[in-house]
Amino acid sequence: MSDAVSKTGRWIDLANPTRFLSLAGAVLPWLSGMTMIVLAAGFWMSMQAPDDYQQGATVKIMFIHVPFAWLSMMCYTIMTVAALGTLVWRHPLADVSAKAAAPIGAVFTALALITGSLWGKPMWGTWWVWDARLTSVFVLFLMYLGIIALTRAMDDPAKSAKATAILTLVGFINIPIIKFSVDWWNTLHQPASVIRIGGSTIDPSLLWPLLVMAIGFTLLFFTLHMMAMRNEIWRRRVVAMRRVAARSAERRPVQ
Amino acid sequence: MGALFLRDIRLGLRAGGGALVGILFFLAVIAVVPFGVGPDLKLLARIGAAMLWIGALLATLLGLDRLFQADRDDGSLDLLIMAQGRHLLALTVLVKCLAHWTVSVLPLVVASPLLGLFMNMEPAAIGATTLTLLVGTPAITLIGAVGAAVAVSLPRGGLLVSVIILPLTIPVLIFGVSASYGAVEDPAPFLAPFLILAAITLFFAVLGPLAAAAALKSSAD
């Protein structure tokens, strides 16, 4: 019986912020160490990768642009799962996770747009075009900013959590649009070439560094996300302690 | 539900309801465009449909924060939420959205042919733009209901509603404008984007009230 309890209880155990903090404290050094190793290996492999026969050295922008773009979508998906966690299971850490992920996702989206723009200038001859993929990612960036604005607008985290969760769920419509925009509309942005039926169209010499970089940046995301969640829990504790202190100060008789 | 519809319409038409301000804002936006791009009639005719759509979108967003705010101020919003045992709250939200659309957005659609004349548009383009506005603007109101419900407990949520709603309304704008152009320019189709626009409106007629009802419920307690 105790076995069954511990099995079902594992996910709920994390609901206790103290347990989450101890877990984060144990996992974070390993996670950040792995991030550094994989990212260093990825950078080294990117340096060693040959130039493209058409694009020259600018093809190396791909090694950071593609992971940023993937992560910007993955981060929003994680926020959507967290929003479901807030609304359906009422997991107390879900809104902490969503709130912590939003600024990181916004930064990754901005970096994807900037690196894409830098890549587009030599390849397409322009910094920016209003094609479907670029526009939908730009909309994603605006939605991140709107969600951040909404979470910062309310004092009470419990209230802002539900409002933000609903907004996040409604905004998830954009993610399939981004993913399939290159297939539905005839755009300047190239269609999916890494993960597709019939194998990748990218040469292995360029594909391997890309995959290592993608894993490295994903690890970086989880490290940053966990640190941000830990900060958020600590911040809430400080606020709660200040409130308790203020209340007890009122009660103390004036001497 | 019928009583609620009539009540909201009466409240909206009364002075201070803000319905007239939306039309004036629409008029002002359209009047500013020729000053910005210059009085070139050919250029105005080409961008006319897009300008009408942008003006209508902004004017619709302007009045959205009033959707639940006034009811919250006088307490009737709590009564509506408490009545969800008898009526589905999402249905109440839908009726409120329809009343809001009738009072403050339908006048924009009616005024748009006149403003189309200002923009030197052809009769066919004016008709197509008015038709797409008629079909597309309910979607903006229904998406906006989510934003208005989410931000209802904020003291100054008006600007925030516009900011968080604007990215979600971009598909409506895209298909509305492309359908308007499709009616005039030859190779572009009219029916396909028009049907997608109608589909977006129907889709948000379901999703918008449900999400807004959930947000209102959580803001009440």
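What follows is a chat between a visitor and a guide about a predicted model.

Visitor: What should I know before we start?

Guide: This is a predicted model, where local features need pLDDT of at least 70, side-chain atom pairs count only at pLDDT 80 or more, and totals for chains, interfaces and linings use all residues. Residues are numbered from 1 along each chain as its sequence is written, while chains are lettered from A and ligands numbered from 1 in the order in which they are written.

Visitor: What makes the elements of chain B helices or strands, and how many of each are there?

Guide: Helices are DSSP runs of H or I with at least four residues, strands are runs of E with at least two, and both are numbered from the N terminus. Chain B has nine helices and zero strands, so from the N terminus on the elements read α-α-α-α-α-α-α-α-α.

Visitor: Why is chain B called as compact as a globular protein of its length?

Guide: The globule rule is 2.2 Å times the number of residues to the power 0.38, and the radius of gyration is taken over C-alpha atoms. For 221 residues the rule gives 17 Å and chain B comes out at 18 Å, which is close, so the label fits. Along its principal axes, the C-alpha trace of chain B spans about 55 × 35 × 30 Å.

Visitor: Why is A:Arg90 called exposed?

Guide: The count is of other C-beta atoms, placed from the backbone, within 10 Å of the residue's own: 20 or more is buried, 12 or fewer is exposed, and in between is partly exposed. A:Arg90 has 12, so it is exposed. This residue is in the loop between α3 (62-89) and α4 of chain A, and its phi is positive, about 50°, although it is not a glycine.

Visitor: What about B:Asn120: exposed or partly exposed?

Guide: B:Asn120 has 17 other C-beta atoms within 10 Å, so it is partly exposed. It sits in the loop between α6 (89-118) and α7 (123-150) of chain B, and here too a residue that is not a glycine has a positive phi, about 60°. As for chain B as a whole, buried residues make up 49% of its 221 residues.

Visitor: How do you know that the span of α4 in chain A is close to the expected one?

Guide: The expected span is 1.5 Å times one less than the number of residues. Helix α4 (residues 94-124) has 31 residues, for which 45 Å is expected, and it reaches 41 Å from its first C-alpha to its last.

Visitor: What is the kink in α4(A), and where does it lie?

Guide: The bend at a residue is the angle between axes fitted to the seven residues ending there and the seven starting there. In α4(A) a kink of about 30° lies at A:Ala102, shortly before the proline A:Pro103. After the helix comes A:Gly125, with a positive phi near 85°.

Visitor: What makes two residues a contact, and how many does each chain give where A and B touch?

Guide: Their C-beta atoms, placed from the backbone, must lie within 7 Å. Chain B gives 16 residues and chain A gives 15. On the chain B side, α7, α8 (158-184) and α9 (191-220) each give two or more.

Visitor: Which segments of chain B does UniProt list as "transmembrane region"?

Guide: The unreviewed entry's list includes residues 131-152 and 190-216. In the model, residues 131-152 are 91% helix and 0% strand, and residues 190-216 are 96% helix and 0% strand. Such annotations may be inferred rather than shown by experiment.
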